[in-house]
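Work through the exercises below with the sequence and the coordinates open side by side. Each task is followed by a solution that goes step by step.

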Amino acid sequence: MNTSSPATGLSAEADAMRALRALLEREQASLSAGDADGCAALLDEKARLVAAMAEHASRRHRQLFEAGFPADERGMQAWLAGAPAAVCTGWEALMAVTRDAHELNRINGLLLGQLAARNRRALEALGAANAGPALYGPAGQTDYSVLQTVRAAG
């Protein structure tokens, strides 16, 4: 049985979460500026950081299980009840950064939705300006009235 403590990786997990929070702040700046390319440039790093966070959490859950606690948040809280104060402080710091990152991600999702809506409206405006006459009606049948209007105008 592995005797490593769930506290072993908390510092590295907090560092990874701080890096993710910083990336989300950069993403937010790009989104606020309407810079879709800037956001796209962050995707690989974001995926790498999220994968690292998942690995840290998985390792911590495994260590909790090996220590006889449930491998989840409830188990971490139970384990922390007997942990030194410094470990509890480190956990609280990690949770604070995690809450910050979660809120940044939520806001970024809203900003991304606004950017997508703005781009969709622009594309619709371009499509309406460049659209030729409709050749099919709502039932999928040829709309001859449109064709007659086009011929009369020509």
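**Exercise 1.** Determine how the axes of helix H1 and helix H2 are placed relative to each other, and state which residue classes make up their contact.

*Solution.* In this predicted model, helix H1 spans residues 10-32 and helix H2 spans residues 36-66, and their axes come within 9 Å and cross at roughly 155°. Angles over 145 degrees count as roughly antiparallel, and H1 and H2 are therefore roughly antiparallel to each other. The next step is the handedness: H1 passes H2 in a left-handed crossing. Sorting the residues of the contact of H1 with H2 then gives 15 nonpolar, three polar and six charged.

**Exercise 2.** Take Leu-20 and Glu-13, which lie in helix H1, and decide for each whether it is buried or exposed, and which residues it touches beyond its sequence neighbours.

*Solution.* Begin with Leu-20, whose relative accessibility is 10%; because buried means under 20%, Leu-20 counts as buried. Once neighbours within four places in sequence are set aside, the contacts of Leu-20 are Lys-46, Leu-49, Val-50 and Met-53. For one of these partners, Leu-49, the C-alpha to C-alpha separation from Leu-20 is 6.1 Å, although the two are 29 residues apart in sequence.

Turn next to Glu-13, which has 4% relative accessibility and so counts as buried as well. With neighbours within four places in sequence again left out, Glu-13 is in contact with Met-53, His-56, Ala-57, Arg-60 and Leu-94. Met-53 thus appears in the contact list of Leu-20 and in that of Glu-13.

**Exercise 3.** Describe the largest nonpolar core, naming the residues with the most contacts inside it and the helices that supply it.

*Solution.* The largest nonpolar core has 22 residues, and those with the most contacts inside it are Met-17, Met-76, Trp-79, Leu-80, Trp-91 and Leu-94. As to its origin, H1, H2, helix H3 (73-80) and helix H4 (85-130) each supply at least two residues of this core. In soluble globular proteins, nonpolar side chains tend to be buried together. To follow one core residue outwards, take Leu-80: beyond its neighbours within four places in sequence, Leu-80 is in contact with Val-87, Cys-88 and Trp-91.

**Exercise 4.** Classify Ala-7 and Gln-77 by accessibility, and state how far each is from a partner later in the chain.

*Solution.* Ala-7 is found in the segment before H1, and at 22% relative accessibility Ala-7 counts as partly exposed. Apart from neighbours within four places in sequence, Ala-7 is in contact with Trp-79 and Val-87. Ala-7 and Val-87 are 80 residues apart in sequence, while their C-alpha atoms are 6.5 Å apart in space.

Gln-77 has its place in helix H3, and its relative accessibility of 38% is the reason that Gln-77 counts as partly exposed. From Gln-77 to Cys-88 the C-alpha to C-alpha distance is 9.4 Å, with their positions 11 residues apart in sequence.

**Exercise 5.** Summarise the protein chain as a whole: its secondary structure, its buried fraction and the sequence range of its contacts.

*Solution.* The chain contains five helices and zero strands, which, read along the sequence, give the pattern α-α-α-α-α. Of the 154 residues in the protein chain, buried residues make up 27%. Finally, consider contacts between residues at least 6 apart in sequence: 58% of them join residues at least 24 apart.

Conventions. Residues are numbered from 1 along each chain as its sequence is written. This is a predicted model: local features need pLDDT of at least 70, side-chain atom pairs count only at pLDDT 80 or more; totals for chains, interfaces and linings use all residues. Side-chain values use heavy atoms; hydrogens and water are left out. Axes are lines fitted to C-alpha atoms, for helices over the stretch in contact, and angles run from 0 to 180 degrees between N-to-C directions. Helices (H or I, at least four residues) and strands (E, at least two) are DSSP runs, numbered from the N terminus. Angles under 35 degrees count as roughly parallel, over 145 as roughly antiparallel, 65 to 115 as roughly perpendicular and the rest as oblique. A crossing is left-handed if the near helix is turned anticlockwise from the far one by less than a right angle, and right-handed if clockwise. Ala, Val, Leu, Ile, Met, Phe, Trp, Tyr, Cys and Pro count as nonpolar, Asp, Glu, Lys and Arg as charged, and the others, Gly among them, as polar. Buried means under 20% relative accessible area, exposed over 50%, partly exposed in between (1.4 Å probe, protein chains only). Contact means heavy atoms within 4.5 Å. A nonpolar core is a set of buried Ala, Val, Leu, Ile, Met, Phe, Trp, Tyr and Cys residues joined through side-chain atoms within 4.5 Å.
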